[in-house]
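Welcome to a short set of exercises on one protein chain. Have the sequence and the 3D view open, try each task yourself, and then read through the worked solution.

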Amino acid sequence: MAWCVLESIQLLGDTCVSFDENCAYGIEPNREKIQANLDSNLMQVTALNRHIGYDKASKIAKNAHKKGLSLRESALELGFVTEAEFDAWVVPVDMTHPSAADE
């Protein structure tokens, strides 16, 4: 049993080295694709909830989905927020850690 554990550890270690050498090394982020994915991600509408309420935020998301718009385009089209408000409230990096209200 100990031999099997050691063999598995060796295989896992070799796999990690191979993955690093043959796949992970040199990977660069495709920033344009990342930005396009962020722009089309309707889940960011949750950032608007605390500012405009759930009902308006859900209307924005539904409108964007129905018309194939970005969240920003939909919010501005419906007139629930200004460009400045949208930019201040919908910041993806702010959604990567607990908010001040959660602490």
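A residue is called buried when its relative accessible area is under 20%, exposed when that value is over 50%, and partly exposed in between. Please keep in mind that this is a predicted model.

**Exercise 1. Serine 70**

Task: Find where serine 70 lies, and decide whether it counts as buried or exposed.

Solution:
- Start with the location: serine 70 sits in the loop that joins H4 and H5.
- Next, take its relative accessibility, which is 16%. The cut-off for buried is under 20%, so serine 70 counts as buried.
- Finally, look for its partners. With neighbours within four places in sequence set aside, serine 70 is in contact with Asp39 and Ala64.

**Exercise 2. Helix H4 and its surroundings**

Task: Describe helix H4, its buried residues and what covers them.

Solution:
- Helix H4 covers residues 54-67, which makes 14 residues. From first C-alpha to last it reaches 20 Å, close to the 20 Å expected at 1.5 Å a residue.
- Now pick out its buried positions: Ala57, Ser58, Ile60, Ala61, Asn63 and Ala64.
- The cover over these buried residues includes helix H3 (46-52) and helix H5 (71-78).
- For contrast, turn to lysine 66, which is also found in H4. Its relative accessible area is 73%, so lysine 66 is exposed.
- How far is lysine 66 from histidine 97 in space? They are 31 residues apart in sequence, and their C-alpha atoms are 30 Å apart.
- Last, step just past the end of H4: glycine 68 there has a positive phi of about 70 degrees.

**Exercise 3. Alanine 75 and phenylalanine 86**

Task: Work out which residues alanine 75 touches, and then do the same for phenylalanine 86.

Solution:
- Alanine 75 belongs to helix H5. Its relative accessibility is 0%, so it counts as buried.
- Not counting residues up to four places away in sequence, alanine 75 touches Ile60, Phe80, Val81 and Phe86. Ile60 is one of the buried residues of H4.
- A distance also helps here: alanine 75 and alanine 61 are 14 residues apart along the chain, with 8.3 Å between their C-alpha atoms.
- Move on to phenylalanine 86, in helix H6 (residues 83-89). At 7% relative accessibility, this residue counts as buried too.
- Again without the neighbours within four places, phenylalanine 86 is in contact with Leu48, Leu71, Arg72, Ala75 and Val81.
- Compare this with glutamine 35, which is 51 residues away from phenylalanine 86 along the chain; their C-alpha atoms are separated by 16 Å.

**Exercise 4. The chain as a whole**

Task: Count the helices and strands of the chain, then decide whether the chain is compact or spread out.

Solution:
- The count gives 6 helices and 0 strands, and the order from the N terminus is α-α-α-α-α-α.
- The radius of gyration is 22 Å, well over the 13 Å that the globule rule gives for 103 residues, so the chain is more spread out than a compact globule.
- The C-alpha trace spans about 65 × 35 × 25 Å along its principal axes.
- Burial comes next: 18% of the 103 residues count as buried.
- Among contacts with a separation of 6 or more, 40% are between residues 24 or more positions apart.

**Exercise 5. Surface, charge and helix H1**

Task: Find what share of the accessible surface belongs to carbon and sulfur atoms, tally the charged side chains, and check the span of helix H1.

Solution:
- The accessible surface is about 8,000 Å², and carbon and sulfur atoms account for 58% of it.
- There are 9 positive and 16 negative side chains, with the centres of the two sets 16 Å apart.
- Helix H1 (residues 2-24) has 23 residues and reaches 31 Å, close to the expected 33 Å. Glycine 26, which follows H1, has a positive phi near 90 degrees.

Terms used:
Residues are numbered from 1 along each chain as its sequence is written. This is a predicted model: local features need pLDDT of at least 70, side-chain atom pairs count only at pLDDT 80 or more; totals for chains, interfaces and linings use all residues. Side-chain values use heavy atoms; hydrogens and water are left out. Helices (H or I, at least four residues) and strands (E, at least two) are DSSP runs, numbered from the N terminus. The radius of gyration is taken over C-alpha atoms; the globule rule is 2.2 Å times the number of residues to the power 0.38. Buried means under 20% relative accessible area, exposed over 50%, partly exposed in between (1.4 Å probe, protein chains only). Contact means heavy atoms within 4.5 Å. Accessible areas come from the Shrake-Rupley method with a 1.4 Å probe; for residues, only the protein chains shown count as cover. Lys and Arg count as positive and Asp and Glu as negative; His and the chain ends are not counted. The place of a charge is taken as NZ of Lys, CZ of Arg, CG of Asp or CD of Glu. The expected span of a helix is 1.5 Å times one less than its number of residues.
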